[in-house]
Amino acid sequence: MERWHEQTILYQIYPKSYCDTNGDGIGDLKGILSKLPYLQELGVNALWLSPCYPSPGDDNGYDIADYRDIGPEYGTLDEFKTLLSEAKARGIRILLDLVVNHTSDEHRWFQEARKSRDNPYRDYYIWRDPVDGHAPSDLKAAFGGSIWEWDEATGQYYLHLFSKKQPDLNWENPKVRQEIVDMINFWLDMGVAGFRCDVINSLAKDEDGNVVFGDRLHSYLHQLHTEALGPHGALTIGETWGLSPEQALALTGEARGELTSTFQFEHILLGRIGGDKWMPEPVDRTAFLDILAKWEYGLANDSYPVLVMENHDQPRALSRFGDPENYPYESATMLGGMLYGMRGIAVIYQGQELGLPNPVFETMDEYRDIETFNGYEELKATGQYSEEEILARLQFGSRDCGRTPIPWTTGKEGGFTTGTPWIKTQVDPGFTVEEQSADPDSVLQFYRRMLALRKSEPCMTDGAFALLMNEDGTGVYTRTFEGETVYVVTRFADTEAAMPACVPQGEVILQNYKDRAEVLRPYEVLWIKG
Ligand code: TEU
Ligand code: CA
């Protein structure tokens, strides 16, 4: 496999919130094109575009109505081809979001399927008769209600893991698999470099209601690899909630012929009671590094961990795990230095390089996300929370916390749009590209230095990982390659601590304080060449 995979620094763009160039308040492809110099200077070498296909927007684009086009609000297929070639000229490859567990109910396949039980497209989806006059099971959908939606016209239920406007595709049907193979080849033949694969572990559903890691998942993925992904050397990163290192290896091992790598989100679930995004609890900061280390060891010999702490489904890492009130710069850079010193495919979510905190949502009408609206209904239905308490819980966990526009300038709407943005912009002093580009001590400049080292320093591109210590907020791990060692030293706390004895004097190649002290300071990070 081409080495470019391990040295990928992948920047996720949520197109709707990146940069609007025609004043309609919605980010577009021309906006992304205009920011290629910024992205090249940041040091990324690949982009993952969240969906910008035609979509009714029920789930903000993850409900796709046409897999082979660009949504008109984002631009045209020709503009996408221009973006592809302009990015490639800058050494930046582009990955798309492969959302094939489900389509939009406005996709022509579903429009056909729901016409009659004997329509040729009927079995592109999962239909079941009522059981004793009710839905076939009582499983709940991710965005509220049952996973079964009644279709009066044909007297059957159809399955949807997410919203009722996102009917699940029937991967048992070889015609569906062939349609997806052909669609993948359409984009890869055009020059797309690979895909982030949405809820990919749900493609195979077992009859007993198990909707993740079904038995036939590996055969489905192997077919995609054999007939489309492999021949193009495509990079694929599966979104796979709840998997174990063993399951990840079974999906991504070199010889598996399935996926390149998978996202694991175990550390992102910290600070949530039982993983429930509306139920905050203090973050176990020692567990954060322990979990990352577990995955480093788990995939060391035969796959690539994916290094991630933000995306379009998550609140900002600074607010989740850092200290935005007292140490915004130090804690944002410490989190970055801890995460991206590790081995694996680095994935950075738009705005993370600025160390953005969560935007503040004052009222429900400022939200846009279907999952958040459902969260409001679910919390209200418990009868346990005041309106104020509900808003506080949504502020803690809403996906919209990561979906507000990028603050490019200190001007109107942060320079994102000259019009009215589709969702509120949050422009805080010091948190714009304009200001941080001019400030050598900004999070943005730290990320630029860090990513440059990640590509130039052999220990960081090829080094083996080893955790030396992780206790009472102080962590030390090493990357070792051909006799050289880089120590990554972090203080995940707002207090000083002794410098660990295992850390050599060495040469500091990256740090977030201006000098070097005998002790470790609050949220300090150091990369030291031993
Ligand atoms: O997310 C899968 C998914 O399960 C998440 O929605 C998760 O449940 C939650 O948001 C994490 O807090 C993918 C996409 O990333 C998400 O944006 C889509 O809504 C979903 O699939 C359906 O396509
Ligand atoms: Ca626009």
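Let's start at ligand 1 in this predicted model: 18 residues surround the ligand, and those that come nearest are Asp-59, Asp-198, Lys-277, Asp-313 and Arg-399. By character, the shell around ligand 1 holds nine charged residues, five nonpolar ones and four polar ones.

Oxygen atoms of ligand 1 also pair with polar side-chain atoms of the protein, and the table gives three of these contacts with their distances.

| Side chain | Atom in ligand 1 | Distance |
|---|---|---|
| Lys-277 | oxygen | 2.8 Å |
| His-312 | oxygen | 2.9 Å |
| Glu-239 | oxygen | 3.1 Å |

Taken alone, ligand 1 would expose 490 Å², and 91% of that area is buried by the protein. As for where the ligand sits, ligand 1 takes up the space of the largest pocket. Lys-277 is worth a look on your screen, as this residue is among those that come nearest to the ligand and also has a side-chain N or O atom 2.8 Å from a ligand oxygen.

Stepping back to the whole chain, the domain assignment gives four parts: domain 1 (1-98 + 305-359 + 402-456), domain 2 (108-159), domain 3 (362-397) and domain 4 (461-529). Measuring over C-alpha atoms, the centres of domain 2 and domain 3 lie 29 Å apart.

How values were computed
Residues are numbered from 1 along each chain as its sequence is written. Chains are lettered from A and ligands numbered from 1 in the order in which they are written. This is a predicted model: local features need pLDDT of at least 70, side-chain atom pairs count only at pLDDT 80 or more; totals for chains, interfaces and linings use all residues. Side-chain values use heavy atoms; hydrogens and water are left out. A residue is near a molecule or strand if one of its heavy atoms lies within 4 Å of it. A polar contact is a pair of N or O atoms within 3.5 Å; within protein, one must be able to donate a hydrogen and the other to accept it, and residues adjacent in sequence count only if both atoms are side-chain atoms. Accessible areas come from the Shrake-Rupley method with a 1.4 Å probe; for residues, only the protein chains shown count as cover. On a 1 Å grid over the protein atoms alone, a cavity is a set of points where a 1.4 Å probe fits but cannot get out, and a pocket is an open set with protein on both sides within 12 Å along at least five of seven lines; lining residues have an atom within 4 Å of a point. A molecule sits in a cavity or pocket if more than half of its atoms lie within 2 Å of its grid points. Ala, Val, Leu, Ile, Met, Phe, Trp, Tyr, Cys and Pro count as nonpolar, Asp, Glu, Lys and Arg as charged, and the others, Gly among them, as polar. Domain bounds come from an automatic or database domain assignment.
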